[in-house]
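Colleague: I have a model open in front of me and would like to learn how to read its features. Could you take me through it step by step?

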Amino acid sequence: MSGYKLLFSKVKLCKWTRPLNAGVVRRGVATTPSSYSPRVCVVGSGPGGFYTAQHLVKARQDIEVDIYERLPVPFGLVRFGVAPDHPEVKNVINTFTQTANHARCRFYGNVNVGKDVSVEELRRAYHAVILSYGAEGNRSMGVPGEDLPGVYSAKDFVGWYNGLPRCRELSPDLSCETAVILGQGNVALDVARVLLSPLDILKKTDITQPTLEALAESQVRRVLIIGRRGPTQIACTIKELREMVNLPGTKPEMVAADFEGLSEALKDVPRPRKRLTELLLKTAVDVPGEKEQERRSKASRTWGFRFFRSPVEVLADTEGGRTAGIRLAVNRLEGSGDGARAVLTGEVEDVSCGLVISSIGYKSIPIDSSVPFDSHKAIVPNTMGRVQQTTGLYCSGWLKTGPTGVIATTMNNSFDTARSLVEDMDSGTLDVSAARPGSQSICALLEERGVKPVTFSDWEKINSVETRRGEAVGKPREKLLSVEEMLQVARA
């Protein structure tokens, strides 16, 4: 029996699926398609997955899209990555909710692709499979001591304060005075802000209650944000830098030597970078006005950038049991602008600290042995989202490009992938003339394997409970922190 016939033989209707080749509702009118609808599945429900699905259901009136997600809750890094004090960034969830509620879109949470169901099984059930599961891995520093207690990846630290279930037991030790963050991108500044923000600010966000309790006891009063290159190569945006500059109860602590000759160099810098560097320069070396001087004099916490430094070793205390400092190599730059390279000078310096957070980037990991993967670039090799040498398999989001840019960047790259898929359907490169069972066959497989998907209406139960709990304590939501809790509410 062929693979497709086998899948059809297993098809049976269940409450999670739409009937095979069912009519869809368009502008409120039920229609019966004259030919089989193209069935597409998206793996991952973060920005990459939802933006891809959004474009597909708008681009053609016959495409049906199923979104599979490992966790019982949708939205990926919008829920688990965006800083708690950036609620405006999370407003994109409203758009994603509209897509999830579209007549030709379905959400299936609590389904671990690669474990509960294979990519090959998805490919047999759908005309096209789009992988958009993001970047779950951490880039290693590759230095001695990085496994010591007191060293964390920014990804795990962010997951901890944002309620990612696998990070709930992280319990970082915040009993030290100085924390060092390696990396100078937006995530690094998010972490610095959370460590130094007044609790009264954080209490009004969706940061988790265990995090608030830990921060209430925190002894961290100084955060150093380390970069291997110079001020004109800093990776954060001006918005994030401005938030650090204006953070209540804090003042900047910079090294003037890091900014020597910078005013002259600014003449040739592109405008967005120039504005960012001017703010950095003003913060670091200008004499503050009277009002700012008064604000800084009352500050009890400090933060600062350190440039031209690379980690060499995380230093242990005398007992060798936990982090006591970090050894940094001193660099010089060769070249200029974004292409400048950090070159070792041979000098090193030690910084005392009890907490090291590595924010040097996320990376994607392979999901299934059948999917091509470039382990050096940590992406699925692709051309405009088409997985190389694999018809019917596509990728979007960070799995396609690497972890770069903001949500709008991911939106554009996901739309590009969706356009590639529609082009392939329209040109006949991707054959969609024969029926595929879609979620009906996958539902049957999952049921056999004891896996019960979470629907979008199930998620809305979770959402309702979280928002009610939040309202009770003056927060937008109080997140459920374990998969077990989520499933219990979803199935109530």
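Modeller: We will go through helix pairs, cysteines, one strand residue and two backbone angles.

Modeller: Keep in mind that this is a predicted model.

Colleague: Let's begin with helix packing. How do α2 and α4 cross, and at roughly what angle?

Modeller: For such a pair, look at the distance between the axes and at the angle. Here helix α2 (residues 47-59) and helix α4 (residues 92-100) have axes that come within 10 Å and cross at roughly 50°. That angle makes α2 oblique to α4, and their crossing is left-handed.

Colleague: Which residues of α2 and α4 make the contact?

Modeller: On the α2 side they are P47, F50, Y51, A53 and Q54, and on the α4 side V92, T95, F96, T99 and A100. Sorted by character, the residues of this contact of α2 with α4 are seven nonpolar, three polar and no charged.

Colleague: And what about α6 and α7: at roughly what angle do their axes cross?

Modeller: The axes of α6 (residues 154-162) and α7 (residues 186-196) cross at roughly 45° and come within 10 Å. So α6 is oblique to α7, and α6 passes α7 in a left-handed crossing. In α6, A154, F157, V158 and Y161 meet V187, D190, V191, V194 and L195 of α7. The contact of α6 with α7 divides into eight nonpolar residues, no polar and one charged.

Colleague: How are α17 and α18 placed relative to each other?

Modeller: Helix α17 (residues 456-472) and helix α18 (residues 483-490) have axes that come within 8 Å and cross at roughly 110°. Angles of 65 to 115 degrees count as roughly perpendicular, and α17 and α18 are therefore roughly perpendicular to each other. From α17, the residues D458, K461, I462, V465 and R469 meet E485, M486, V489 and A490 in α18. This contact of α17 with α18 has five nonpolar residues, no polar and four charged.

Colleague: Now the cysteines. How many disulfides does the count come to?

Modeller: The test is a sulfur-to-sulfur distance, with a cut-off of 2.5 Å. By this rule the count is zero disulfides. Take C176: the closest cysteine sulfur is in C353, at 7.2 Å, which is too far for a bond.

Colleague: Are C176 and C236 buried or exposed?

Modeller: Buried means under 20% relative accessible area. C176 counts as buried at 14% relative accessibility, and C236 is buried with a relative accessible area of 4%.

Colleague: Where is Y362 found, and which residues does Y362 touch?

Modeller: For a single residue, I read its element, its burial and then its neighbours. Y362 lies in strand β17 (residues 362-363) and is buried, with a relative accessible area of 10%. Leaving aside residues up to four places away in sequence, Y362 touches L77, A135, G137, R139, K155, V187, W398 and P403. V187 also belongs to the α7 side of the contact with α6.

Colleague: Last, the backbone. What is the phi of A378, and of Q389?

Modeller: Look at the sign of phi, then at where the residue sits. A378 has a positive phi of about 60° although it is not a glycine, and so does Q389, also not a glycine. A378 is in the loop between β17 and β18 (382-383), whereas Q389 is in the loop between β19 (386-387) and β20 (393-395).

Colleague: Which is buried, and which exposed?

Modeller: A378 counts as buried at 3% relative accessibility, while Q389 is exposed, with a relative accessible area of 86%.

Key
Residues are numbered from 1 along each chain as its sequence is written. This is a predicted model: local features need pLDDT of at least 70, side-chain atom pairs count only at pLDDT 80 or more; totals for chains, interfaces and linings use all residues. Side-chain values use heavy atoms; hydrogens and water are left out. Axes are lines fitted to C-alpha atoms, for helices over the stretch in contact, and angles run from 0 to 180 degrees between N-to-C directions. Helices (H or I, at least four residues) and strands (E, at least two) are DSSP runs, numbered from the N terminus. Angles under 35 degrees count as roughly parallel, over 145 as roughly antiparallel, 65 to 115 as roughly perpendicular and the rest as oblique. A crossing is left-handed if the near helix is turned anticlockwise from the far one by less than a right angle, and right-handed if clockwise. Contact means heavy atoms within 4.5 Å. Ala, Val, Leu, Ile, Met, Phe, Trp, Tyr, Cys and Pro count as nonpolar, Asp, Glu, Lys and Arg as charged, and the others, Gly among them, as polar. Buried means under 20% relative accessible area, exposed over 50%, partly exposed in between (1.4 Å probe, protein chains only).
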